[in-house]
Amino acid sequence: MALVVAVALMQPTVASADPGQQTVYVTVVSRCNSATVLRKADMVSQDGYPTTDLVFNRLGPYFYAGHAMVYPGRYDVGLDVDGKCWGDTLITVLPGHDRDVGVQVSPLGSGHHDVHAAIYGTLPFAGFTRGKLVVKDFELPVEIDGSAYYVEFAFPGKSLLELSYGDDLECRIPVDIPEHGMRLDVDVQLAQRCIGFPYHYPSTGERGFVPLFVSPSPSPISTTKPK
């Protein structure tokens, strides 16, 4: 019995996770040569939290994975390997939502994003599969991660947020993104207003969108007294 107790006391104590933190899982694809080994990334908070080290496990010559616990907010995930290889991405961590993030690392000198007017938020239920942010004459992909969506690199100004639901439905929300970005949660009431059927007639080129529900809807509880 004494031996069992002594062995138990020698085991390292694992600190319990802070309930206010979320887990960020990061996978990396490296375009650098296989001799360049990535050790860690820096998660730099834009909200005043201390910088967090994210240590990687090597999955193969060009693939890595790691995770870190952080508080909700905006973070710059950056990797710099001896001034030879570089990569970074901006991510948003929402309360109650872990993140799965992919980062590409390239030889120094490759192009990178320099626009940071993100738009992101939560979704009211499962079933949203993909999306896009339509900005004038081009489109930006929307990342659906669990019960939240993210466009980490957007442009300020008027856009149309389109979130596909199932096979045929779509949620369309006009947005005006400020320079510092914005959070827009899609709740049940907004979903009722934004979900509908997109259509396109190739023969004529006509396109349109038909809302699925009447908005505002009648109250689900009848106020009419029986006679």
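This is a short dialogue on reading a predicted model.

Q: Where should I begin, and what is the mean pLDDT of the protein?
A: Confidence is a good place to begin. Where pLDDT is low, the predicted coordinates should not be read in detail. In this predicted model, the mean pLDDT is 85, and 83% of the residues reach 70 or more. Residues 1-16 have a pLDDT below 50, and this stretch makes 0 contacts beyond near neighbours in sequence. Residues 222-227 also have a pLDDT below 50, again with 0 contacts beyond near neighbours in sequence.

Q: How many helices and strands does the protein have?
A: There are 2 helices and 16 strands. Of the 227 residues, 37% are buried. Contacts tell you about the chain path too: among those between residues at least 6 apart in sequence, 57% join residues at least 24 apart.

Q: How do I read a sheet, and what is the order of the strands in the open sheet of 9 strands?
A: Here is the general idea: strands of a sheet pair through backbone hydrogen bonds, either parallel or antiparallel. In this model, the open sheet of 9 strands runs in the order 14-8-11-10-9-12-13-15-16, and its pairing is mixed. Its edge strands are strand 14 (182-183) and strand 16, each of which pairs on one side only.

Q: Which residue is the bridge partner of Cys-171 in strand 15?
A: Look at Ile-195, the partner of Cys-171 in strand 15. Strand 13 (residues 169-177) and strand 15 are antiparallel and are joined by 2 bridges.

Q: What do strand 5 and strand 6 form, and how many residues lie between them?
A: They form a hairpin with 3 residues between the strands. In the turn, Asp-82 has a positive phi of about 55°. Strand 5 pairs with strand 6 (residues 85-93) in the antiparallel sense, over 9 bridges. To find this pairing on the model, locate Val-81, which stands opposite Cys-85 in strand 6. Strand 5 (residues 73-81) also runs antiparallel to strand 2 (residues 40-45), with 4 bridges joining them. There, Asp-42 has Gly-78 of strand 5 as its bridge partner.

Q: Let me try a single residue. Is Val-142 buried or exposed?
A: One general point before we look: in a regular strand the side chains alternate between the two faces of the sheet. Val-142 lies in strand 10 (residues 138-145). Because its relative accessible area is 9%, under the 20% cut-off, Val-142 counts as buried.

Q: Which residues are in contact with Val-142, leaving aside neighbours within four places in sequence?
A: Its contacts are Gly-131, Lys-132, Leu-133, Tyr-149, Tyr-150, Val-151, Leu-161 and Leu-163. You can also check a distance: the C-alpha atoms of Val-142 and Phe-153 are 9.8 Å apart, and these residues are 11 apart along the chain.

Q: How do I read a pocket, and which residues line the second largest pocket?
A: Rolling a probe the size of a water molecule over the atoms shows where empty space is left. Here, the second largest pocket holds about 170 Å³ of space. Its lining consists of Lys-132, Val-134, Glu-139, Glu-162, Arg-172, Pro-198, Tyr-199, His-200, Arg-207 and Gly-208. Strand 9 (128-135), strand 15 (195-201) and strand 16 (206-211) are the elements that give two or more residues to this lining. Strand 15 gives the most, with 3 residues.

Q: How many of the lining residues of the second largest pocket are nonpolar, polar and charged?
A: The lining has 3 nonpolar, 2 polar and 5 charged residues.

Technical notes: Residues numbered from 1 in each chain as written. Predicted model: local features only at pLDDT ≥ 70, side-chain atom pairs only at ≥ 80, totals over all residues. Heavy atoms only, no water. 1 Å grid on protein atoms, 1.4 Å probe; cavity = no way out; pocket = protein on both sides within 12 Å on 5 of 7 lines; lining within 4 Å. Points joined across faces, edges and corners; volume = space filled by probe spheres on them. Nonpolar A, V, L, I, M, F, W, Y, C, P; charged D, E, K, R; others polar. Pairing = 2+ DSSP bridges. pLDDT = per-residue confidence, 0-100. Contact = heavy atoms within 4.5 Å. Buried < 20%, exposed > 50% of the residue type's maximum accessible area, 1.4 Å probe, protein only.
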